[in-house]
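Biologist: Could you walk me through a few helices here and show me how each description is reached? I would like to see the value beside the rule every time.

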Amino acid sequence: MQELDYEELGLKCGLEIHQQLDTKKLFCNCPSLLRKDEPDFEVKRKLHAVAGESGYIDEAAVHEASLDKEFVYQGYDTTCLIELDEEPPHEINREALKIVLQVAILLKAKIIPLTQIMRKTVIDGSNTSGFQRTVFVARDGYIETAHGRVGIDTIFLEEDSARQITKEKGKSIFRLDRLGIPLIEIATAPDIKTPEQAKEVALHIGGILRSIKVKRGIGTIRQDVNISIEGGNRVEIKGLQDMKVFIKAIENEVRRQKELIKRGKKVSAEVRNALPDGSTEFLRPMPGAARMYPETDLPLLKINRNLINDVKRNLPRLRKDIERDLEKKGLSKEMVRLLFKENKFEDFKELFEIVSNAQLTAKVLLIFPKEIARKGDISKKKIEKILNKDVLAYVLESLKKKKISESQIKQVLERIAKGRDLTEVIKFEKEEDHVIEEKIMKIMKEKPGLSEKAYMGLIMKEFRGKVDGKTASEIIQKYVDRKQ
């Protein structure tokens, strides 16, 4: 396949990243909780596209209205009248606002001190009201990449849409549990010149988002890519989440537009859906700019200097900086990766305060429980409940107070997993020093020529916690020196 010359093609590319925040809902006090149980009630509704003051109806709204769909909304006891569009919105969630301001500062954006909460027309059924509330918080930020600076055009705070459960001809069913969850929207400038640079930007912004209070898991972050080449129109690709096909999807869209232009056909301004193989399919026409109007139930949002200064004083550390510090403390890249994958960094920080040994702390937190669970055929959920943070802290405190040795930690954890009482698990019979030395010398004489590490393994297995690693090492070295 012919390689693409993106500069010659005049590629313009920008990202839109939407990330759920881990707070209560944006305009009410309901929990941001996705429910798995059956809903308590449902309501039905049809939405229609109507002209505003200008007399113009948005093209995307016309398209959705032409489908003539009925929308069914399912709710729970955690659903309030605001989600049903039966009560005015409350004041904006201050915690969510502070989190968005943190992101704005980290992206070096200019915060807007006085801003209007807006209504954005949405008639695909995902909002009961037919609009999404959104507020413009910051603009004109930037990030530096290996291929040059990429601007951050806008940062918005908005409410997430309802969760679609089923979709069929003439009918869509939504759950209201997701509607209103705070969502940060970050839109870059069309400064991205290659698919590789687009991926770098996405990963950079992702690193910032992972450092703040956001929700985790599938569906909590959505990533869209805007693409155009010389002679074409902007096309938005929705749902490009999988970084494995990220570059491929952008390449495929550029090739699609290039081929259309080559054949003298129009590249339509449209929204397309990303598919798992890196291809895309048509979703709807591109929305226009005439679908925003002020939220009449809420006053102007004031972001004063005191609030900004408070946010600056409490900025989170970026994950890349934390990872670098952990590696300096002695953790391998793989252990650092596992620490964040298991979402155990906060537990690690607390346990590390006890022993100040990063490698040992990580083993106690991440490795030993897995090995014990595998050996005892215990489920991950059960072993995490048995060997919880408080239990691990007790074991490490016992080590600090020299009630147990480092080599005895795993055995202590095994005893706890078998149901032994905490006060009993740290009790070990100690052998006399001369007996220990005689046994170690015997092991080494019976298996001459092994490495010190190999001898240590045999000794630890033989004594099962009755000797600590330091003592064993000293005796091994004594024997080695004698032989020399």
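Biologist: How do you know that the span of helix α5 (residues 246-262) agrees with its 17 residues?

Modeller: Start with where the model comes from. This is a predicted model, in which local features need pLDDT of at least 70, side-chain atom pairs count only at pLDDT 80 or more, and totals for chains, interfaces and linings use all residues. Residues are numbered from 1 along each chain as its sequence is written, and side-chain values use heavy atoms, with hydrogens and water left out. Helices are DSSP runs (H or I, at least four residues), numbered from the N terminus. The expected span is 1.5 Å times one less than the number of residues. For α5 that gives 24 Å, and the end C-alpha atoms are 25 Å apart, which agrees.

Biologist: Why is E253 called buried?

Modeller: Buried means under 20% relative accessible area, exposed over 50%, and partly exposed in between (1.4 Å probe, protein chains only). E253 has 1% relative accessibility, so it counts as buried. E253 sits in helix α5, and beyond its neighbours within four places in sequence it is in contact (heavy atoms within 4.5 Å) with I227, V235, I237, R272 and T280.

Biologist: What puts the buried residues on the same side of α5?

Modeller: The buried residues of α5 are F246, A249, I250, E253, V254, Q257 and L260. They cover an arc of only 135° around the axis, which puts them on the same side of α5. The arc is that of the directions from the helix axis to the C-beta atoms.

Biologist: How do you know that the buried residues of α16 line one face of the helix?

Modeller: In α16, Y455, I459 and F463 are buried. Down the axis of α16, its buried residues fall within an arc of 55°, so they line one face of the helix. On the other side of α16, K453 and K461 are exposed.

Biologist: What values describe the packing of α8 and α10?

Modeller: Two packed helices are described by the angle between their axes and the distance between the axes. Axes are lines fitted to C-alpha atoms, for helices over the stretch in contact, and angles run from 0 to 180 degrees between N-to-C directions. Helix α8 (residues 333-341) and helix α10 (residues 358-376) pack at about 65°, with their axes 11 Å apart. M335, L338 and L339 of α8 make the contact with Q359, A362, L365, L366, I367 and K370 of α10.

Notes
Helix = DSSP H or I, 4+ residues; strand = E, 2+ residues; numbered from the N terminus.
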